[in-house]
Amino acid sequence: MIQTDREETTATVAGAWEPQVIAFCCNFCAYAAADLAGAKRMQYPVNVRIILTPCTGKIEMEHILDAFEKGIDGILVAGCLEGGCHFIEGNLRARKRTDRIREMLDEIGVGSKRLKMVNFSAAEAPAFVRHVTEIVETVRALGPNPLKKSSQKESAVEA
Ligand code: FES
């Protein structure tokens, strides 16, 4: 069973910045692999929040851009192997979308490395652990999302 009530991983732990990462996981592969990782008690960073999606093809550009706009530091899109999508071409559409968004992230100075799409099967719990660990470490090296400060300022003004 996946731990969805993980300890709050907001911006600071003992005063130090900690990356906040979302993993959009397809129900049929990535989420099952995450579930298996949990059942096997495999360790992965607590910075990752898993969002279950029926298929990566159901993740719209707005979902990803909105999360970055709100200050999330990194996003992993994890779906079925190519040719294995239960909605036939959902993961192929997701790949095109993430590639386009990665270009946009470079254009606006956020950086394409903060978004990654990966494909693996339901049995690949180690792949899930490896990919989430990699994106957390990549984002940690990049530092906080540059949009975070402006989104926090806007929130303060609205309050
Ligand atoms: Fe898994 Fe489409 S059903 S990516």
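## Close-up views of the predicted model

**View 1. Two positive phi values outside glycine, at Arg41 and Ile88.**
Arg41 counts as exposed because it has 6 C-beta neighbours inside 10 Å. A residue is exposed if 12 or fewer other C-beta atoms lie within 10 Å of its own, buried if 20 or more do, and partly exposed in between, with C-beta atoms placed from the backbone. The structure is a predicted model, in which local features need pLDDT of at least 70 and side-chain atom pairs count only at pLDDT 80 or more, whereas totals for chains, interfaces and linings use all residues. Residues are numbered from 1 along each chain as its sequence is written. Arg41 is found in the loop between H1 and S4, and its phi is near 55°. Ile88, in the loop between S5 and H3, has a phi of about 70° and is likewise exposed, with 12 other C-beta atoms within 10 Å. Most residues other than glycine have a negative phi.

**View 2. The chain and its secondary structure elements, 5 helices and 6 strands.**
Helices (H or I, at least four residues) and strands (E, at least two) are DSSP runs, numbered from the N terminus. Along the sequence, these elements follow the pattern β-β-β-α-β-α-β-α-β-α-α. The chain has 159 residues, of which 38% count as buried. Of the contacts in the chain with a separation of 6 or more, 79% join residues 24 or more positions apart; two residues are in contact if their C-beta atoms, placed from the backbone, lie within 7 Å.

**View 3. The largest nonpolar core, with 42 residues.**
A nonpolar core is a set of buried Ala, Val, Leu, Ile, Met, Phe, Trp, Tyr and Cys residues joined through C-beta atoms within 7 Å. Ala23, Ala30, Ala33 and Ile75 have the most contacts inside the largest core. Two or more residues of this core come from each of strands S3 (21–26), S4 (48–53), S5 (74–79) and S6 (115–119), and from each of helices H1 (30–39), H2 (61–69), H3 (90–107) and H4 (125–142). With residues up to four places away in sequence left out, Ala30 touches Cys25, Ala78, Gly79, Phe120 and Phe128.

**View 4. Strand S5 and its pairing with S3 and S6.**
In S5, 6 of 6 residues are buried. Gly74, Leu76 and Ala78 point one way from the strand, while Ile75, Val77 and Gly79 point the other way. In a regular strand the side chains alternate between the two faces of the sheet. S5 pairs with S3 in the parallel sense over 5 bridges; two strands pair if DSSP finds at least two bridges between them. Val77 of S5 is the bridge partner of Phe24. S5 and S6 also pair in the parallel sense, over 5 bridges, and Leu76 has Lys116 of S6 as its bridge partner. From S5 the chain passes through H3 to S6 in a right-handed β-α-β crossover: with the strands pointing away from the viewer, the path from the first strand over the helix to the second runs clockwise.

**View 5. Helix H3, with a buried side and exposed residues on the other side.**
H3 has 18 residues and spans 26 Å from its first C-alpha to its last, close to the expected 26 Å; the expected span is 1.5 Å times one less than the number of residues. Gly90, Asn91, Ala94, Thr98, Ile101 and Leu105 are the buried residues of H3. They lie on the same side of H3 because they cover an arc of only 80° around the axis, the arc being that of the directions from the helix axis to the C-beta atoms. Lys96, Asp99, Arg100, Glu103 and Glu107 are exposed on the other side. H2, S5 and S6 are among the elements that cover the buried residues. Gly109, with a positive phi near 85°, follows H3.

**View 6. Helix H4 and the surroundings of Thr133.**
The buried residues shown in H4 are Ala125, Phe128, His131, Val132, Ile135, Val136 and Val139. Their arc of only 135° around the axis puts them on the same side of H4. Their cover includes S3, H1, S4, S5 and S6. Thr133, also in H4, is partly exposed because 15 other C-beta atoms lie within 10 Å. Thr133 touches Tyr44 and Pro45, not counting residues up to four places away in sequence. Although Thr133 and Pro45 are 88 residues apart in sequence, their C-alpha atoms are 6.2 Å apart. Gly143 follows H4 and has a positive phi near 95°.
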